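Visitor: Please give me a close look at one small part of this model, and then walk me outward from there into the rest of the fold.

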Amino acid sequence: MMRMLLAVVALAAALPAQAQFRLPSIDINKIVDSAKNVGKAAKDIDQPEEIAIGRDLAATLLGAAPLVNDARMQRYVNNVGRWLAAQTERSDLPWQFGVLDAPQLNAFAVPGGTIFITRGLLERMKSEAELAGVLSHEIVHVLKKHHLKAIQKAAMSSLGGDAAALALKDRAGAARDKLISFGTEMYTRGLDKSDEFEADRLGVVIAARGGYDTYGLPAVLQTIQAMNAQDSGLALMFKTHPAPGERLDALGEKMQPTLDRYSKQPQLVERFAAEARTAK
Ligand SMILES: [Zn+2]
(Lines give C-alpha, C1' and ligand atoms only; values in the text may rest on other atoms or scores of the structure.)
Protein backbone atom coordinates (compact mmCIF):
# COMPACT_ATOMS: atom_id res chain seq x y z
CA MET A 1 0.00 0.00 0.00
CA MET A 2 2.74 2.43 0.92
CA ARG A 3 4.34 1.57 -2.37
CA MET A 4 1.38 3.02 -4.22
CA LEU A 5 1.44 6.15 -2.13
CA LEU A 6 5.15 6.47 -2.68
CA ALA A 7 4.54 6.09 -6.38
CA VAL A 8 2.26 9.11 -6.20
CA VAL A 9 4.92 11.06 -4.35
CA ALA A 10 7.54 10.04 -6.90
CA LEU A 11 5.21 11.19 -9.65
CA ALA A 12 4.86 14.56 -7.94
CA ALA A 13 8.61 14.90 -7.70
CA ALA A 14 9.06 13.96 -11.35
CA LEU A 15 6.53 16.49 -12.54
CA PRO A 16 8.27 19.53 -13.96
CA ALA A 17 7.57 22.61 -11.86
CA GLN A 18 6.06 24.42 -14.80
CA ALA A 19 3.34 21.81 -15.12
CA GLN A 20 2.18 22.57 -11.61
CA PHE A 21 0.72 26.05 -11.75
CA ARG A 22 1.84 28.09 -14.73
CA LEU A 23 -0.55 28.02 -17.62
CA PRO A 24 1.02 27.70 -21.01
CA SER A 25 -0.37 30.04 -23.61
CA ILE A 26 -2.54 28.20 -26.04
CA ASP A 27 -3.40 29.23 -29.55
CA ILE A 28 -7.07 28.43 -29.24
CA ASN A 29 -7.82 29.02 -32.92
CA LYS A 30 -5.24 26.51 -33.97
CA ILE A 31 -6.66 23.62 -32.01
CA VAL A 32 -10.33 24.47 -31.93
CA ASP A 33 -12.60 23.92 -34.85
CA SER A 34 -15.46 24.53 -32.52
CA ALA A 35 -18.54 24.30 -34.71
CA LYS A 36 -17.87 20.85 -36.12
CA ASN A 37 -17.04 18.60 -33.26
CA VAL A 38 -18.61 20.01 -30.15
CA GLY A 39 -20.18 16.68 -29.33
CA LYS A 40 -16.92 14.78 -29.34
CA ALA A 41 -15.65 15.59 -25.86
CA ALA A 42 -19.08 15.32 -24.34
CA LYS A 43 -18.97 11.56 -24.59
CA ASP A 44 -17.95 9.64 -21.54
CA ILE A 45 -14.35 9.68 -20.47
CA ASP A 46 -13.23 6.06 -20.20
CA GLN A 47 -11.80 4.65 -17.00
CA PRO A 48 -8.08 4.70 -17.99
CA GLU A 49 -8.46 8.39 -18.91
CA GLU A 50 -10.26 9.10 -15.67
CA ILE A 51 -7.42 7.46 -13.72
CA ALA A 52 -4.74 9.29 -15.74
CA ILE A 53 -6.39 12.69 -15.16
CA GLY A 54 -6.65 11.88 -11.46
CA ARG A 55 -2.96 10.96 -11.30
CA ASP A 56 -1.98 14.29 -12.89
CA LEU A 57 -4.20 16.17 -10.48
CA ALA A 58 -2.97 14.24 -7.45
CA ALA A 59 0.62 15.00 -8.40
CA THR A 60 -0.17 18.71 -8.64
CA LEU A 61 -2.05 18.74 -5.35
CA LEU A 62 0.73 16.81 -3.61
CA GLY A 63 3.10 19.51 -4.78
CA ALA A 64 1.17 21.88 -2.49
CA ALA A 65 1.21 19.66 0.62
CA PRO A 66 3.29 16.52 1.18
CA LEU A 67 2.06 13.32 2.82
CA VAL A 68 2.53 12.91 6.57
CA ASN A 69 5.72 10.90 7.07
CA ASP A 70 4.13 8.18 9.17
CA ALA A 71 3.84 4.77 7.50
CA ARG A 72 1.59 3.32 10.19
CA MET A 73 -0.93 6.15 9.97
CA GLN A 74 -0.94 6.07 6.16
CA ARG A 75 -1.43 2.30 6.14
CA TYR A 76 -4.28 2.57 8.60
CA VAL A 77 -6.15 5.26 6.65
CA ASN A 78 -5.61 3.21 3.48
CA ASN A 79 -7.00 0.10 5.12
CA VAL A 80 -10.14 1.89 6.29
CA GLY A 81 -10.60 3.60 2.92
CA ARG A 82 -10.09 0.47 0.85
CA TRP A 83 -12.44 -1.51 3.02
CA LEU A 84 -15.13 1.12 2.37
CA ALA A 85 -14.35 1.33 -1.36
CA ALA A 86 -14.66 -2.46 -1.56
CA GLN A 87 -18.33 -2.06 -0.59
CA THR A 88 -19.06 -0.01 -3.70
CA GLU A 89 -19.83 -0.64 -7.37
CA ARG A 90 -16.40 0.71 -8.36
CA SER A 91 -14.28 -1.52 -6.16
CA ASP A 92 -11.98 -2.21 -9.14
CA LEU A 93 -10.52 1.32 -9.21
CA PRO A 94 -6.93 1.72 -7.95
CA TRP A 95 -8.09 3.26 -4.66
CA GLN A 96 -5.50 4.98 -2.53
CA PHE A 97 -5.80 7.20 0.49
CA GLY A 98 -3.28 9.64 1.91
CA VAL A 99 -2.97 11.97 4.90
CA LEU A 100 -1.59 15.35 3.85
CA ASP A 101 0.73 17.18 6.21
CA ALA A 102 -1.41 20.30 6.49
CA PRO A 103 -2.91 21.91 9.62
CA GLN A 104 -6.13 23.01 7.85
CA LEU A 105 -9.27 20.87 8.03
CA ASN A 106 -10.05 19.40 4.64
CA ALA A 107 -10.57 16.25 2.61
CA PHE A 108 -10.93 15.80 -1.10
CA ALA A 109 -11.04 13.22 -3.86
CA VAL A 110 -9.52 13.21 -7.31
CA PRO A 111 -10.97 11.22 -10.24
CA GLY A 112 -10.00 7.58 -10.43
CA GLY A 113 -9.90 6.82 -6.71
CA THR A 114 -7.25 8.90 -4.94
CA ILE A 115 -8.45 10.52 -1.74
CA PHE A 116 -6.66 12.89 0.62
CA ILE A 117 -7.48 13.97 4.13
CA THR A 118 -5.48 16.57 6.02
CA ARG A 119 -3.67 15.94 9.30
CA GLY A 120 -5.68 18.87 10.73
CA LEU A 121 -8.98 17.12 10.10
CA LEU A 122 -7.74 13.72 11.28
CA GLU A 123 -6.58 15.27 14.56
CA ARG A 124 -10.10 16.57 15.25
CA MET A 125 -11.65 13.11 14.88
CA LYS A 126 -12.45 10.81 17.75
CA SER A 127 -13.21 7.45 16.16
CA GLU A 128 -12.75 5.22 13.13
CA ALA A 129 -16.46 5.70 12.40
CA GLU A 130 -15.80 9.44 11.98
CA LEU A 131 -12.90 8.73 9.64
CA ALA A 132 -15.08 6.27 7.73
CA GLY A 133 -17.82 8.90 7.44
CA VAL A 134 -15.47 11.43 5.85
CA LEU A 135 -13.75 8.90 3.56
CA SER A 136 -17.14 7.57 2.43
CA HIS A 137 -18.24 11.10 1.49
CA GLU A 138 -15.10 11.46 -0.64
CA ILE A 139 -15.55 7.98 -2.16
CA VAL A 140 -18.97 9.08 -3.44
CA HIS A 141 -17.38 12.02 -5.29
CA VAL A 142 -15.28 9.45 -7.16
CA LEU A 143 -18.13 6.98 -7.72
CA LYS A 144 -20.37 9.69 -9.15
CA LYS A 145 -17.50 11.35 -11.07
CA HIS A 146 -18.40 14.74 -9.60
CA HIS A 147 -15.00 16.34 -10.19
CA LEU A 148 -14.46 14.62 -13.52
CA LYS A 149 -17.75 15.95 -14.88
CA ALA A 150 -17.06 19.45 -13.54
CA ILE A 151 -13.60 19.48 -15.14
CA GLN A 152 -15.03 18.23 -18.42
CA LYS A 153 -17.69 20.92 -18.34
CA ALA A 154 -15.13 23.65 -17.66
CA ALA A 155 -12.88 22.37 -20.45
CA MET A 156 -15.78 22.25 -22.89
CA SER A 157 -16.96 25.78 -22.22
CA SER A 158 -13.50 27.29 -22.14
CA LEU A 159 -11.60 25.32 -24.77
CA GLY A 160 -14.40 24.12 -26.99
CA GLY A 161 -15.14 20.60 -28.12
CA ASP A 162 -12.05 19.64 -30.12
CA ALA A 163 -9.52 21.13 -27.74
CA ALA A 164 -11.26 19.58 -24.77
CA ALA A 165 -11.17 16.19 -26.48
CA LEU A 166 -7.50 16.70 -27.25
CA ALA A 167 -6.77 17.69 -23.66
CA LEU A 168 -8.38 14.48 -22.47
CA LYS A 169 -6.51 12.23 -24.90
CA ASP A 170 -3.11 13.86 -25.23
CA ARG A 171 -1.38 13.48 -21.90
CA ALA A 172 1.63 15.65 -22.74
CA GLY A 173 0.19 18.60 -24.62
CA ALA A 174 -0.47 22.20 -23.64
CA ALA A 175 -4.22 21.60 -23.66
CA ARG A 176 -3.71 18.90 -21.04
CA ASP A 177 -1.88 21.34 -18.76
CA LYS A 178 -4.83 23.68 -19.12
CA LEU A 179 -7.22 20.86 -18.25
CA ILE A 180 -5.25 20.05 -15.10
CA SER A 181 -5.30 23.72 -14.15
CA PHE A 182 -9.12 23.70 -14.42
CA GLY A 183 -9.07 20.68 -12.16
CA THR A 184 -6.77 22.30 -9.62
CA GLU A 185 -9.00 25.35 -9.55
CA MET A 186 -11.97 23.10 -8.82
CA TYR A 187 -10.42 22.28 -5.46
CA THR A 188 -10.39 25.92 -4.37
CA ARG A 189 -13.81 26.74 -5.79
CA GLY A 190 -15.78 23.65 -4.84
CA LEU A 191 -18.42 21.51 -6.51
CA ASP A 192 -22.13 22.17 -6.86
CA LYS A 193 -23.94 22.04 -3.54
CA SER A 194 -26.12 19.21 -4.83
CA ASP A 195 -23.00 17.07 -5.37
CA GLU A 196 -21.98 17.68 -1.74
CA PHE A 197 -25.39 16.73 -0.39
CA GLU A 198 -25.39 13.60 -2.52
CA ALA A 199 -21.93 12.67 -1.19
CA ASP A 200 -23.22 13.08 2.38
CA ARG A 201 -26.30 10.91 1.77
CA LEU A 202 -24.62 8.08 -0.13
CA GLY A 203 -21.57 8.32 2.12
CA VAL A 204 -23.76 7.38 5.07
CA VAL A 205 -24.90 4.30 3.14
CA ILE A 206 -21.31 3.23 2.39
CA ALA A 207 -20.30 3.69 6.05
CA ALA A 208 -23.29 1.57 7.07
CA ARG A 209 -22.33 -1.16 4.58
CA GLY A 210 -18.78 -1.05 5.95
CA GLY A 211 -20.18 -1.86 9.38
CA TYR A 212 -19.63 1.53 11.03
CA ASP A 213 -21.85 3.63 13.25
CA THR A 214 -23.55 5.86 10.68
CA TYR A 215 -23.27 8.91 12.94
CA GLY A 216 -19.57 9.25 12.10
CA LEU A 217 -20.04 11.90 9.43
CA PRO A 218 -22.66 13.88 11.41
CA ALA A 219 -20.25 13.86 14.38
CA VAL A 220 -17.48 15.40 12.27
CA LEU A 221 -19.90 18.02 10.91
CA GLN A 222 -20.87 18.86 14.49
CA THR A 223 -17.21 19.25 15.45
CA ILE A 224 -16.70 21.67 12.57
CA GLN A 225 -19.90 23.53 13.41
CA ALA A 226 -18.73 23.98 17.01
CA MET A 227 -15.44 25.52 15.91
CA ASN A 228 -15.04 29.22 15.38
CA ALA A 229 -16.07 29.91 11.79
CA GLN A 230 -13.27 32.49 11.60
CA ASP A 231 -10.67 29.77 12.27
CA SER A 232 -8.25 30.03 9.34
CA GLY A 233 -8.03 26.23 9.20
CA LEU A 234 -11.66 26.14 8.07
CA ALA A 235 -11.50 28.78 5.34
CA LEU A 236 -11.13 26.43 2.39
CA MET A 237 -13.65 23.91 3.67
CA PHE A 238 -16.24 26.63 4.21
CA LYS A 239 -15.55 28.02 0.75
CA THR A 240 -15.91 24.65 -0.97
CA HIS A 241 -18.73 23.03 1.02
CA PRO A 242 -22.19 24.05 2.24
CA ALA A 243 -22.24 25.12 5.92
CA PRO A 244 -22.11 22.17 8.34
CA GLY A 245 -25.52 23.07 9.81
CA GLU A 246 -27.07 22.95 6.36
CA ARG A 247 -25.48 19.56 5.70
CA LEU A 248 -26.70 18.20 9.03
CA ASP A 249 -30.24 19.41 8.32
CA ALA A 250 -30.21 17.82 4.86
CA LEU A 251 -28.99 14.52 6.31
CA GLY A 252 -31.65 14.58 9.01
CA GLU A 253 -34.33 15.27 6.45
CA LYS A 254 -33.38 12.51 4.01
CA MET A 255 -31.38 9.93 5.95
CA GLN A 256 -32.81 9.79 9.47
CA PRO A 257 -34.12 6.19 9.24
CA THR A 258 -30.78 4.90 7.86
CA LEU A 259 -28.79 6.89 10.43
CA ASP A 260 -30.84 5.44 13.25
CA ARG A 261 -30.97 1.87 11.97
CA TYR A 262 -27.16 1.53 11.90
CA SER A 263 -26.29 3.79 14.81
CA LYS A 264 -25.42 0.84 17.04
CA GLN A 265 -22.62 -0.36 14.76
CA PRO A 266 -19.06 0.07 16.13
CA GLN A 267 -17.30 3.42 16.38
CA LEU A 268 -13.86 1.89 17.10
CA VAL A 269 -12.59 4.71 19.30
CA GLU A 270 -9.59 2.86 20.71
CA ARG A 271 -8.30 1.45 17.44
CA PHE A 272 -8.51 4.94 15.96
CA ALA A 273 -6.59 6.44 18.87
CA ALA A 274 -3.85 3.82 18.52
CA GLU A 275 -3.48 3.93 14.74
CA ALA A 276 -4.15 7.53 13.73
CA ARG A 277 -2.02 9.29 16.29
CA THR A 278 0.42 11.66 14.64
CA ALA A 279 4.05 10.72 15.03
CA LYS A 280 5.62 13.80 16.52
ZN1 LIG B 1 -17.35 16.88 -0.73
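Visitor: Where in the chain is the place of Leu268?

Guide: Happy to show you, with the reminder that this is a predicted model. Leu268 sits in the loop between H13 and helix H14, which covers 269-275. Its backbone is worth a look: phi is positive, at about 55 degrees, although the residue is not a glycine. Leu268 counts as partly exposed because its relative accessibility is 30%, and partly exposed covers the range between 20% and 50%.

Keep that loop in mind while we step back for the setting. The protein has 14 helices and 3 strands. Of its 280 residues, 54% are buried. Among contacts with a separation of 6 or more, 77% join residues 24 or more positions apart.

Two other loop residues are good companions to Leu268. One is Lys145, in the loop between H6 and H7. Its phi is near 55 degrees, again a positive value in a residue other than glycine. With 25% relative accessibility, Lys145 counts as partly exposed. The other is Ala243, found in the loop between helix H12 (235-240) and helix H13 (244-261). Ala243 is partly exposed as well, at a relative accessible area of 42%. Its C-alpha lies 8.0 Å from that of Gln225, although 18 residues separate the two in sequence.

From Lys145 you can move into H6, which spans residues 128-143. Begin at Val134, a residue of helix H6. At 7% relative accessibility, Val134 counts as buried. Beyond its neighbours within four places in sequence, Val134 is in contact with Ala107, Ile117, Leu121, Met125, Leu217 and Val220. Leu121 is 13 residues away from Val134 in sequence, and their C-alpha atoms are 9.6 Å apart in space.

Leu217 and Val220 bring us to helix H11, since both are among the H11 residues that H6 meets. The axes of H6 and H11 (residues 216-226) come within 7 Å and cross at roughly 90 degrees. The two helices are therefore roughly perpendicular to each other. On the H6 side the meeting residues are Ala129, Glu130, Gly133 and Val134, and on the H11 side they are Gly216, Leu217, Ala219 and Val220. By class, this contact has 5 nonpolar, 2 polar and 1 charged.

H6 has another packing partner in helix H10, residues 193-209. Here the angle is about 115 degrees, with the axes 7 Å apart. The crossing is right-handed. H6 contributes Ser136, His137, Ile139, Val140, His141 and Leu143. They meet a set in H10 made up of Asp195, Glu196, Glu198, Ala199, Asp200, Leu202, Gly203, Ile206 and Ala207. The classes in this contact are 7 nonpolar, 4 polar and 4 charged.

Ile139 leads from that contact into the interior. Leaving aside its neighbours within four places in sequence, Ile139 touches Gly81, Leu84, Ala85, Thr88, Trp95, Phe97, Ile115 and Ile206. In the largest nonpolar core, which has 46 residues, Ile139 is one of those that touch the most other members, alongside Trp95, Ile117, Leu121, Leu122, Met125 and Leu131. The largest share of this core, 9 residues, comes from H6. Apart from it there is another core of 29 residues, including Ile53, Leu100, Ala154 and Leu159.

Leu159 is a natural bridge to the last stop, the packing of H7 against H8. Helix H7 (residues 146-159) and helix H8 (residues 161-169) have axes that come within 7 Å and cross at roughly 135 degrees. H7 is therefore oblique to H8. Their crossing is right-handed. Ala155, Met156 and Leu159 of H7 make the contact with Gly161, Ala163, Ala164 and Ala167 of H8. By class, that comes to 6 nonpolar residues, 1 polar and no charged ones. H8 itself is mostly covered, with 7 of its 9 residues buried. The buried set is Gly161, Asp162, Ala163, Ala164, Ala165, Ala167 and Leu168.

Key. Residues numbered from 1 in each chain as written. Predicted model: local features only at pLDDT ≥ 70, side-chain atom pairs only at ≥ 80, totals over all residues. Heavy atoms only, no water. Axes fitted to C-alpha atoms, helices over the stretch in contact; angles between N-to-C directions. Helix = DSSP H or I, 4+ residues; strand = E, 2+ residues; numbered from the N terminus. Parallel < 35°, antiparallel > 145°, perpendicular 65-115°, else oblique. Left-handed = near helix turned anticlockwise from the far one by under 90°. Contact = heavy atoms within 4.5 Å. Nonpolar A, V, L, I, M, F, W, Y, C, P; charged D, E, K, R; others polar. Core = buried A, V, L, I, M, F, W, Y, C linked by side-chain atoms within 4.5 Å. Buried < 20%, exposed > 50% of the residue type's maximum accessible area, 1.4 Å probe, protein only.
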